[in-house]
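Before you look through this structure for yourself, here is a short note to read beside it. Please keep the sequence and the 3D view open as you go.

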Amino acid sequence: ALVEALSTEDHLQPQLTATPPVSLAPAGKPGELRLGPNLSYRPMLERAAARTGLDPALLAAIVDAEAARRADGSWDPASRNPRSSAAGLGQFITSTWLGEARRPGSWLADQARARGWVAPGGGISRNSEAQLLALRFDPEASIQATADHAAANLKRLRAAGVQVHALQDQARAAYLA
């Protein structure tokens with residue numbers, strides 16, 4: 001029911017495995033991220049998590065569910081879905097990415113405004129859409145946008161009365177939303 005209620009915008013029915021590939025309860029120190037071949041993304045995940053208040057493991061789980069993998073198992077920031085406009089580590093479709101660029105307070109909106117890509121009224125400036133969409137392939141931009149999108153989705157769910165507490169449940173709810 002949650003998937004049906006939340007997927008009306010893009011008509012996607014995401015499927016999650018019972019256990020996320022990225023551990024949300026790693027052995028060792030609390031907060032430790034076990035990213036394997038994706039260790040280079042750790043600073044980006046931590047910056048996005050610190051900015052949005054989300055756990056870096058939650059963000060890693062979402063990226064792990066979305067991103068294509070290279071032969072060594074690392075996430076491929078240049079990935080594209082051949083059946084849609086989805087691209088980058090967060091597999092953002094064109095309309096969602098442009099929406100994030102227009103949403104006040106998002107990292108992507110701040111970047112787009114700083115580069116002169118978004119007009120004061122919120123519209124994408126002429127001839128800037130291609131440059132803005134190309135940012136989906138920048139790992140930092142994709143992870144930051146994933147964090148903002150997940151945080152907004154969780155906020156929307158809380159406003160609708162959906163309570164999710166455990167980290168694994170938050171990751172699933174943010175991903176499905």
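The points below take up an arginine, a helix and a serine in turn.

1. Please bear in mind throughout that this is a predicted model. A starting point is R136, which sits in the loop that runs between α6 (129–134) and α7 (139–159).

2. Although R136 is buried, R136 has no salt bridge, and the nearest side chain of opposite charge, that of E129, is 8.3 Å away. A salt bridge would need a side-chain nitrogen of Arg within 4 Å of a carboxyl oxygen of Asp or Glu.

3. Which backbone oxygen lies 2.6 Å from a polar atom of the side chain of R136? The backbone oxygen in question belongs to S85, and S85 is also among the residues that R136 touches once those up to four places away in sequence are set aside. That list further includes P77, R80, A87, G88, L89, F92, I93, T94, W97 and S142.

4. W97, one of the residues touched by R136, is itself buried in helix α4 (residues 94–102), as are L98, E100 and A101. Seen down the axis of α4, the buried residues fall within an arc of 155°, so they line one face of the helix. These buried residues of α4 pack against α5, α6 and α7.

5. Finally, S128 is found in the loop between α5 (107–114) and α6. Is S128 buried or exposed? S128 counts as buried because its relative accessible area is 6%, where the cut-off for buried is under 20%. Leaving aside neighbours within four places in sequence, S128 is in contact with G116 and W117.

Methods
Residues are numbered from 1 along each chain as its sequence is written. This is a predicted model: local features need pLDDT of at least 70, side-chain atom pairs count only at pLDDT 80 or more; totals for chains, interfaces and linings use all residues. Side-chain values use heavy atoms; hydrogens and water are left out. Helices (H or I, at least four residues) and strands (E, at least two) are DSSP runs, numbered from the N terminus. Buried means under 20% relative accessible area, exposed over 50%, partly exposed in between (1.4 Å probe, protein chains only). Lys and Arg count as positive and Asp and Glu as negative; His and the chain ends are not counted. A polar contact is a pair of N or O atoms within 3.5 Å; within protein, one must be able to donate a hydrogen and the other to accept it, and residues adjacent in sequence count only if both atoms are side-chain atoms. Contact means heavy atoms within 4.5 Å. The arc is that of the directions from the helix axis to the C-beta atoms.
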